[in-house]
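I opened this model to look up how its parts meet. The entries below are kept in the order in which I worked.

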Protein chains: 2
Amino acid sequence: MNDVRPIRAKSGTNHEGTSAHNRRVMIDALRINGALSRADLARATRLTKQTVSNIIEELERDGLVSSQEAVRKGRGQPSTPYRLVPEGAFAIGLQIDRHVTRAVAVDLVGRVLVRAEAGLPTGGPSRGAKVILDLVAGVRSKLAGIVRQSEKRLVGLGVAMPGPFGIDGSGDDPWMMGAWQKFPLLETLTAGTGLDVGLQNDAAAAATAERMVGAAHGLDHAVCLFVGYGIGAGLILNGELYRGSNGNAGEIGMALLFAAGKSTPLEHRASLASLYQHLSADPADPVLHARIDDLASRRDPGIEAWIRTAAADLRWSIHLIETIFDPQTVILCGSAPEGLVNRLIAAIGPLLPSIAERRGRTLPRLQPGMADPWSVALGAAAGPISRAFDPHFAAILKDSR
Amino acid sequence: MNDVRPIRAKSGTNHEGTSAHNRRVMIDALRINGALSRADLARATRLTKQTVSNIIEELERDGLVSSQEAVRKGRGQPSTPYRLVPEGAFAIGLQIDRHVTRAVAVDLVGRVLVRAEAGLPTGGPSRGAKVILDLVAGVRSKLAGIVRQSEKRLVGLGVAMPGPFGIDGSGDDPWMMGAWQKFPLLETLTAGTGLDVGLQNDAAAAATAERMVGAAHGLDHAVCLFVGYGIGAGLILNGELYRGSNGNAGEIGMALLFAAGKSTPLEHRASLASLYQHLSADPADPVLHARIDDLASRRDPGIEAWIRTAAADLRWSIHLIETIFDPQTVILCGSAPEGLVNRLIAAIGPLLPSIAERRGRTLPRLQPGMADPWSVALGAAAGPISRAFDPHFAAILKDSR
DNA sequence: CTTATTAAGTCAAATGTCTTGACTTATTAC
DNA sequence: GTAATAAGTCAAGACATTTGACTTAATAAG
């Protein structure tokens with residue numbers, strides 16, 4: 001009688017799911033193609049003109065799209081293009097890193113309107129939580145000062161921090177990220193802000209950013225190789241960020257390389273952490289970023305040695321990614337200084353032969369992405385925007401929690 | 001005026017998409033959970049009792065589900081469970097390998113009803129195409145002899161063959177798979193059978209089989225590491241087979257290992273091809289499979305040496321898969337003899353530490369899957385069944401071609 | 001043994017969203 | 001100036017899910 005084995009099933013859908021999907025498809029189309037007329041949208045989405053009209057009208061009422069001046073193109077009634085209204089929605093993005101935390105406010109089209117940064121005190125979340133909440137509150141109120149009604153249009157708070165998640169902190173992390181892992185961060189932030197809070201690792205956030213405003217814009221299959229303090233891959237598969245069963249997909253930094261007779265995690269060889277070690281630099285040094293940018297741009301011999309080995313490992317990683325994911329393109333991005341990323345890209349080429357070498361390619365196998373300390377925070381903010389407005393399977397289903 | 005830049009957009013959906021999805025969700029729920037009552041289905045899918053009733057009635061009319069005897073469980077009216085009708089649909093699966101081709105007929109629940117095998121003549125598709133078409137025709141007519149109306153319930157022909165696809169055959173493949181790649185196989189089969197034809201690589205097929213009737217049954221995130229002539233990974237991500245942008249996702253055999261100062265594709269070290277070479281065996285030998293099974297089971301020292309290195313490489317591969325995909329489980333399967341796969345699994349353990357080691361795991365990190373020469377053909381057949389009946393995003397959208 | 005309670009399942013009307021086909025409007029081509 | 005073309009609207013219709021009341025059939029409780 002204790003047949004309490006739960007029944008596993010996917011959720012069904014109904015009219016509202018249909019409508020929600022179609023709304024998202026419109027927004028997505030406008031995001032990818034720029035302004036489009038109702039007729040264009042109808043053709044592109046295979047919906048009827050009437051349906052498109054209804055939805056566009058609704059989106060316009062909601063302040064998410066607006067009409068532009070009619071354009072005459074050949075015979076027939078001129079068409080009225082609609083575009084996304086940047087001020088239609090906002091999200092806050094929060095990056096939690098070892099020494100600093102950054103928060104940004106981003107609008108519907110991915111423009112950063114407010115940014116703020118704070119140092120994280122040692123001692124982990126017990127003292128850092130307050131810093132973070134203050135930072136978010138500051139960004140939020142600055143945003144409210146810039147645009148009216150921003151609070152009403154705030155779709156959520158996205159958090160990005162180094163993964164992996166849900167692993168027993170091994171305690172060997174001197175920058176206390178392990179402590180952050182154990183801390184009930186989402187609950188604290190939800191309670192402290194009243195917003196919908198979502199979490200991704202920093203590579204995933206970078207990929208989310210690239211998808212909204214960067215090199216992965218409009219792509220359905222792209223992998224962002226993110227070089228930061230660690231190294232990770234953000235996976236855009238079938239047009240959505242892939243998280244894996246525990247949100248840890250793409251943690252390529254822990255992949256093992258065999259070299260010199262022993263296995264080493266990729267992260268120990270190609271990441272800022274390894275560069276800091278190579279340079280005997282203090283990661284907490286506030287001018288380190290600028291210094292590395294300078295050294296890399298000047299092709300300092302000390303840094304070039306590291307670049308050579310890191311580039312070799314990245315070349316291998318890119319080959320692996322192409323082999324395993326078969327993406328349209330690989331994007332190299334990072335919180336590393338832009339000068340360094342540029343040097344890395346230069347040092348990586350030419351790429352190893354792989355299945356990605358095919359006739360009819362339209363995209364380069366490897367593209368530079370954002371190399372900007374703020375890109376992770378931007379991606380963190382892009383998370384809630386994407387969840388709220390991009391078409392995806394789960395959005396169609398009935399209240400998936 | 002030549003603004004013919006095509007507009008890229010995802011397709012919208014309508015009532016039929018909703019309904020199609022809900023039908024698929026019911027079938028999926030019955031497949032995963034076994035027989036369920038309408039009330040159970042309503043709770044599990046979050047649809048109303050009425051909707052479930054309508055859909056079940058329709059599915060019963062279509063011969064896809066049937067009621068079982070009512071069961072009394074506590075208070076209230078007894079419930080009438082419904083189950084999938086195995087004879088509700090059939091598919092033909094076709095495996096094209098180097099020396100042989102196999103075809104099977106499979107029903108809705110993944111039972112193999114007919115199987116047939118033929119040697120492939122040297123000379124590639126020019127002569128092989130006829131063999132294949134005859135084989136398929138034979139299986140089809142045998143199926144028609146076993147079950148009435150099978151032709152009406154045939155949802156398609158699934159083909160599995162070694163990848164990667166769409167790459168210029170380098171001509172160095174002595175078994176002519178390169179020639180098959182260039183051959184217009186899908187067109188030939190579509191024309192020759194009148195069926196819907198789909199293609200996957202053999203690892204993907206193995207994963208599809210595991211998902212329908214094997215260790216990945218009901219899982220949404222699983223990776224099948226497939227050891228066959230080559231080695232590949234079949235990726236079940238978000239409950240669907242992931243194909244990548246060109247159908248080549250998971251071609252892990254081409255991943256590069258660095259050992260002894262040079263890089264070697266995994267495939268050259270851990271695959272039947274490498275074993276054949278190690279044993280100086282002729283791959284076309286028809287009793288080779290049985291001989292290897294025997295050698296492996298008897299722990300022949302010659303084969304044990306290969307097993308040790310292959311197991312080390314597989315151990316690394318599993319670590320990589322866990323690191324990159326964060327799956328619920330990894331399944332080791334193959335067209336390799338079962339005795340060999342068992343030995344490999346034994347030799348692989350213990351696994352390398354990875355993020356897959358977490359508290360609260362309910363599934364083993366590594367599970368044995370099917371090790372059966374027919375599993376690829378089964379998976380090939382499972383492809384069309386899955387495409388026709390499993391819930392997935394594309395199935396909701398308007399006529400996705 | 002009777003009655004209350006619980007749960008499965010049905011019925012009929014209502015609701016929500018997309019579709020259909022005719023119509024209006026605005027522009028260019030001839 | 002007229003025909004052709006294309007964008008967009010209007011109103012009715014179609015379709016699938018939802019709602020809420022109802023029926024049926026069992027167990028639990030007194």
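What follows are my notes on the symmetry, the contact between the chains, the DNA surfaces and the domains.

**Entry 1. Symmetry.** I note at the outset that this is a predicted model. I superposed chain B on chain A and got a rotation of 180° with 0.0 Å of shift along its axis, at an RMSD of 0.0 Å. I wrote this down as the relation of a two-fold axis.

**Entry 2. The contact between chains A and B.** I looked up the contact and found 60 residues from chain B and 60 residues from chain A. On the side of chain B that touches chain A, I listed the elements that give two or more residues: α1 (15–33), α2 (38–45), β12 (256–259), α10 (301–325) and α13 (393–396) of chain B. α1(B) has the largest share there, with nine residues. Sorting that side of chain B by class gave me 29 nonpolar, 21 polar and ten charged residues.

I then asked through which surface the copies meet. Of the interface residues of chain B, 100% are also interface residues in chain A, so the copies meet through the same surface.

**Entry 3. DNA strand C.** I found 30 residues around DNA strand C. A:H15, B:N14, B:S53, B:G76 and B:T80 are the closest of them. For the elements, I recorded α1 (15–33) and α3 of chain A, and α2 and α3 of chain B, each of which supplies at least two residues of the surface near this strand. The largest share of the surface near DNA strand C is that of α1(A), at five residues. By class I have four nonpolar, 20 polar and six charged residues for the surface near DNA strand C.

**Entry 4. DNA strand D.** Around DNA strand D I found 30 residues, of which A:N14, A:R38, A:S53, A:G76 and A:T80 come nearest. At least two residues of the surface near DNA strand D come from each of α2 (38–45) and α3 (49–61) of chain A, and from each of α1 and α3 (49–61) of chain B. Which element gives the most to the surface near DNA strand D? I found that α1(B) does, with five residues. The class count for the surface near DNA strand D is four nonpolar, 20 polar and six charged residues.

**Entry 5. Domains of chain A.** I noted the division of chain A into domain 1 (18–84), domain 2 (90–204 + 377–397) and domain 3 (216–373). Domain 2 is thus written in two segments, 90–204 and 377–397. Between the C-alpha centres of domain 1 of chain A and domain 3 of chain A I have 38 Å.

Conventions: Residues numbered from 1 in each chain as written. Chains lettered and ligands numbered in written order. Predicted model: local features only at pLDDT ≥ 70, side-chain atom pairs only at ≥ 80, totals over all residues. Contact = placed C-beta atoms within 7 Å. Helix = DSSP H or I, 4+ residues; strand = E, 2+ residues; numbered from the N terminus. Nonpolar A, V, L, I, M, F, W, Y, C, P; charged D, E, K, R; others polar. Near = placed C-beta within 6 Å. Least-squares fit on C-alpha atoms with pLDDT ≥ 70 in both. Domains from an automatic or database assignment.
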